[in-house]
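Could you walk me through this structure in my viewer, one selection at a time? I am new to this, so please tell me what to click next and what I will find there.

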Amino acid sequence: MKRPSTKMFLDSGDPGETRAVLQTLGFLDGQTTNPTLIAKSPEAAARKERRQPFTNEELWEFYKRVVQEISGLVPQGSISIETYADLTTTAQKMLKQAREFNSWIPNAHIKFPTTAEGLKAAGQALAEGIRVNMTLVFSQSQAAAVYSATTGASRGDVFLSPFIGRLDDIGQQGLDLIKNIQQMYQKGGGHVMVLAASVRSVAHLQSLLNLQADIITAPAKVLLAWTKGEEISTLPQPPLQSIPYEELNLNADWQSFDLHHELTDKGITKFSEDWNSLLQAAVK
Ligand code: E4P
């Protein structure tokens with residue numbers, strides 16, 4: 001398999017999948033994790049099954065162990081570690097986690113939700129030399145805010161993660177968001193790298209390669225099917241509504257952009273619930 005110019009990341013909280021993809025694909029440029037993926041990783045899932053919840057401290061130790069194992073497997077790559085946030089978590093609380101996570105491995109990007117609190121935390125993290133990955137991006141105006149709030153950072157220090165599959169899920173053409181952000185970012189200096197996330201199929205992956213996305217993160221089953229020239233699902237897709245391009249000024253104050261998106265709020269809630277489900281005594 002010829003290595004594409006787009007950086008290829010694995011989207012997984014399971015180092016076993018990192019090994020399997022490295023063996024088949026031959027390379028990986030990085031890996032993204034999130035609370036849902038950590039909850040699904042074999043050890044956490046088995047504990048949940050056994051109704052043996054983690055203590056708070058044990059869960060952070062577990063996340064650290066997983067991330068360190070992945071970092072050892074992809075030492076030249078970037079490993080994204082996501083801050084725990086619910087809808088009330090302050091920038092200070094996210095920042096405290098970011099400092100701790102960044103000490104776990106030498107090749108971290110710390111994920112913050114693309115909200116006002118997340119962006120405040122990310123701005124301070126960057127000032128302290130911590131690389132960031134702004135996650136749960138569903139709109140061009142969120143992407144403009146990230147660009148503006150992080151102006152001055154070096155290319156590679158800021159990733160922006162638009163979630164294409166979740167937009168498809170609500171009937172919108174997620175790939176249009178990537179195209180629109182790329183078009184808007186052409187007017188800037190290029191310090192933000194677009195990391196296309198929530199990739200559900202080989203067709204998604206192929207379209208993102210055609211768009212020359214900076215980075216793609218995809219689940220193991222998508223990467224493995226791609227290497228075999230197969231598709232993972234043959235389900236017919238309902239027609240998706242296109243997302244129109246918006247004229248936005250990247251030099252405007254980041255706080256002037258509309259940061260709200262219902263899928264961002266929904267995503268934050270789901271991530272926090274999945275994390276908390278590992279801690280609760282009465283595990284479903
Ligand atoms: C990666 O950074 C994202 O958290 C992930 O791609 C989300 O994917 P999903 O929409 O399939 O949960």
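Start by selecting the ligand: in this predicted model, the ligand sits in the largest pocket.

Next, show the residues around the ligand. They are Asp11, Thr32, Asn34, Lys111, Phe163, Arg166, Ala197, Ser198 and Arg200. Try colouring this shell by class, and you should find two nonpolar, three polar and four charged residues.

Now zoom in on a few side chains, one by one.

- Select Asn34: an N or O atom of the Asn34 side chain is 2.8 Å from an oxygen atom of the ligand.
- Move to Arg166, where a side-chain N or O atom lies 2.7 Å from a ligand oxygen.
- Then pick Ser198, which places a polar side-chain atom 2.7 Å from an oxygen atom of the ligand.

With those contacts on screen, switch on the surface. How much of the ligand's accessible area does the protein cover? On its own the ligand has 350 Å² of accessible area, and the protein covers 85% of it.

For the last stop, go back to Lys111, one of the residues around the ligand, and add Glu82 to your selection. These two side chains form a salt bridge, with their closest N and O atoms 3.3 Å apart. Colour the strands to see where each partner belongs: Lys111 is in strand β4 (residues 108-113) and Glu82 is in strand β3 (residues 78-82), so this pair ties together parts that are 29 residues apart in sequence. If you would like to keep exploring, look for other salt bridges, since the structure holds 12.

Note on methods
Residues numbered from 1 in each chain as written. Predicted model: local features only at pLDDT ≥ 70, side-chain atom pairs only at ≥ 80, totals over all residues. Heavy atoms only, no water. Near = heavy atom within 4 Å. Polar contact = N/O pair within 3.5 Å; in protein donor to acceptor, adjacent residues only side chain to side chain. Areas by Shrake-Rupley, 256 points an atom, 1.4 Å probe, with all protein chains shown as cover. 1 Å grid on protein atoms, 1.4 Å probe; cavity = no way out; pocket = protein on both sides within 12 Å on 5 of 7 lines; lining within 4 Å. Sits in = over half its atoms within 2 Å of the grid points. Nonpolar A, V, L, I, M, F, W, Y, C, P; charged D, E, K, R; others polar. Salt bridge = Lys/Arg side-chain N within 4 Å of Asp/Glu carboxyl O. Helix = DSSP H or I, 4+ residues; strand = E, 2+ residues; numbered from the N terminus.
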